[in-house]
Amino acid sequence: MVTEVRPPRRDEMAAYYRTLPFANGMPSWEPADAAWHGGPEPWPPQRAPADADQLEELAAADTADESFHPIAAFADGRCVGASGTISFEVTVPGGGTVSMAGVTSTGVIATHRRRGCLRRMMQAMFDAALERGEPLAMLSASEGRIYGRFGFSPATYRTRWELARHEAALLPSAPDPGSLELIGAADAKKAWPRVHASVRAHRVGELSPLPGRWDGLSDEADGTNGPLRFLVHRDQRGDVDGIAHFRLPWSPTADRAGTLVVEALEAMNPAAYRALWGLLIDFDLTKTVVAPARPRDEPLRWMLTNPRAMRVTRQTDNLWARLLDVPRALTQRSYLTPGELRFTIDDDRMCPGNNGTWHLRADDAVVTCLPTDEPADLIVALAALSTLYFGGMSAHDLAYAGHLTQHTEGAIGQLARMFRADSEPHNTFGF
Ligand SMILES: CC(=O)SCCNC(=O)CCNC(=O)[C@H](O)C(C)(C)COP(=O)(O)OP(=O)(O)OC[C@H]1O[C@@H](n2cnc3c(N)ncnc32)[C@H](O)[C@@H]1OP(=O)(O)O
């Protein structure tokens, strides 16, 4: 029985990490075959349990990090559950950013599961996030069944695709005014922040990078996966305006030999994007390009002479979202079309301040979301609204699935038009 839920003290941090699968060499993710991630090798590698020195290292780093807010659950004085949030800024429709509590490493020891431990930690994290003024929480779900009950719902997405080199060629286009260069990890670390900042300004779902975000990039080989290779594009002035990192893993079998895995590729303009892909999809001595974590909308498909050469092999959710403060969150994004809606939320047990009928009004300059006594146009489940918030999901589909109930004719169409974003929600890295 959980007797206490509170932030761990510094001297309790080792016990806190010991409850977390990632520090214990235990599985912390739904099993997925290697093909989901990239090349022929399984990923991620099995970890061994962290030793005392490693736990101390983690504790020192985490306690020095003001954006990290750990929470622990205790049963009769023993730490049995751990979780935490990291404060991020996330880009929302319209290009603004919203403060977000990113729920991260979460675990309850096997003997204490299914007794409400996570629920209590989650409540404590929601309350603390609201106190910090964060109207939104997000997370990566280890298993799809767990987090819906807390109001989370898929918000950003990622796609894995493969492309056979012999089928892929780019349509003709104007000559590239810039140039490509293979660089080392030290230069890649400098190039990434500039490119990512540019992408983040317009892509819904992108996160503010934590300090040291790209410090881990290295030229060292990662077992049979080989080293990361870094490719940049420079504009006419010589400034980096696009970057990719990729691997050429060794394969024990002929069928997967010659695979080039693009782990990341971002560009600040179409010319850089085209040039980077142009080299990577026609790389000598390779057969297949695998891109394991791409946005659902990939303009490369429309640059190919044969769009079918790109085969989507898996599509899934990435970050899940949960609105903690509905009016605050809704007034911090913009809407594709001006309009107004009155909607009721009546299912939020963890953040009861969200329940009630709200009048959302958006014109070109101002968005307001205020309580109203007028009748609602529709009822929306909190989790559905959290998905709609990022603009990547159809309100019509959610209504069809029973998550929205319309009272006023045309209200769902109005919701769909207002909430849709013009870029697909995606994040290049998680937490
Ligand atoms: C954001 C991330 O970090 S993802 C990583 C999550 N961690 C893991 O998957 C590691 C292995 N699993 C665990 O450590 C634990 O099972 C946790 C953290 C997932 C859940 O902790 P628990 O304390 O058991 O959850 P708790 O008892 O509060 O459960 C709340 C509800 O979720 C349900 N639930 C919890 N875990 C699961 C699950 N894996 N599958 C289905 N339902 C689940 C419970 O049945 C309960 O349902 P109810 O509200 O209808 O009563």
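**Ligand shell**

I began at the ligand. Of the 24 residues around it, Thr106, Arg113, Cys117, Leu118 and Ser142 come nearest. I am working on a predicted model. I then sorted the shell by class. I found 8 nonpolar, 9 polar and 7 charged residues around the ligand.

Next I asked which element gives the most to the shell around the ligand. It is S4, with 6 residues. S4, H5 and strand S5 (136-140) each supply at least two residues of that shell.

**Arg113 and the S4-H5 loop**

I picked Arg113 from the nearest set. I placed Arg113 in the loop between S4 and H5. Buried or exposed, or in between? I counted 13 other C-beta atoms within 10 Å of Arg113, so this residue is partly exposed. I also checked a distance from here. Arg113 and Val80 are 33 residues apart along the chain, and their C-alpha atoms are separated by 9.1 Å.

I pulled the UniProt record next. Its "binding site" annotation, from an unreviewed entry, covers Arg114, Arg115, Gly116, Cys117, Leu118, Arg119, Ser142 and Glu143. Cys117, Leu118 and Ser142 are on that list, and I had already noted these three among the nearest residues to the ligand.

I looked at two of the annotated positions. Arg114 sits in the loop between strand S4 (97-108) and helix H5 (117-131). Arg114 counts as exposed because it has 7 C-beta neighbours inside 10 Å, and the cut-off for exposed is 12 or fewer. Gly116 lies in the loop between S4 and H5 as well. Gly116 has 15 other C-beta atoms within 10 Å, so I logged Gly116 as partly exposed.

**Annotated active site**

Which residues does UniProt list for "active site"? The unreviewed entry gives Tyr147 and Phe431. I took them in turn.

Tyr147 is in the loop between S5 and strand S6 (153-154). I counted 23 other C-beta atoms within 10 Å of Tyr147, so Tyr147 is buried. The cut-off for buried is 20 or more. I left aside neighbours within four places in sequence and looked for contacts. Tyr147 is then in contact with Leu139, Ala141, Phe152 and Trp320.

Phe431 is in the segment after helix H11 (411-419). Phe431 counts as partly exposed because it has 16 C-beta neighbours inside 10 Å. What does Phe431 touch, not counting residues up to four places away in sequence? I found Ile86, Gly102 and Thr104. Gly102 and Thr104 fall within the range of S4 (97-108), the strand that gives the most to the ligand shell.

**Strand S12**

I moved on to strand S12 (residues 288-294), where I found Ala293. Ala293 has 20 C-beta neighbours inside 10 Å and therefore counts as buried. That count meets the cut-off of 20 or more, so Ala293 is buried. With residues up to four places away in sequence not counted, Ala293 touches Arg158 and Arg160. I also took a C-alpha distance. Ala293 and Met303 are 10 residues apart in sequence and 19 Å apart in space.

Ala291 lies in strand S12 too. Ala291 counts as buried because it has 27 C-beta neighbours inside 10 Å. I set aside its neighbours within four places in sequence. Ala291 is in contact with Arg160, Trp161 and Val262. Arg160 thus appears in my contact notes for Ala291 and for Ala293. I tried one longer span from Ala291. Cys351 is 60 residues away along the chain, and the two C-alpha atoms are separated by 38 Å.

**Whole chain**

I finished with the overall picture. The chain has 11 helices and 19 strands. It is divided into domain 1 (4-134), domain 2 (159-315) and domain 3 (330-419). I took the centres of domain 2 and domain 3 over C-alpha atoms, and 37 Å separate them.

How does the radius of gyration sit against a compact globule? With 431 residues, such a globule would have a value near 22 Å; the chain has 23 Å, so the two agree. Along its principal axes, the C-alpha trace spans about 65 × 60 × 40 Å.

I checked burial over the chain. Of its 431 residues, 41% count as buried. I checked contact range last. Among contacts between residues at least 6 apart in sequence, 74% join residues at least 24 apart.

Technical notes: Residues numbered from 1 in each chain as written. Predicted model: local features only at pLDDT ≥ 70, side-chain atom pairs only at ≥ 80, totals over all residues. UniProt positions renumbered as here; feature names shortened; annotations may be inferred. Helix = DSSP H or I, 4+ residues; strand = E, 2+ residues; numbered from the N terminus. Near = placed C-beta within 6 Å. Nonpolar A, V, L, I, M, F, W, Y, C, P; charged D, E, K, R; others polar. Domains from an automatic or database assignment. Rg over C-alpha atoms; globule rule 2.2 N^0.38 Å. Contact = placed C-beta atoms within 7 Å.
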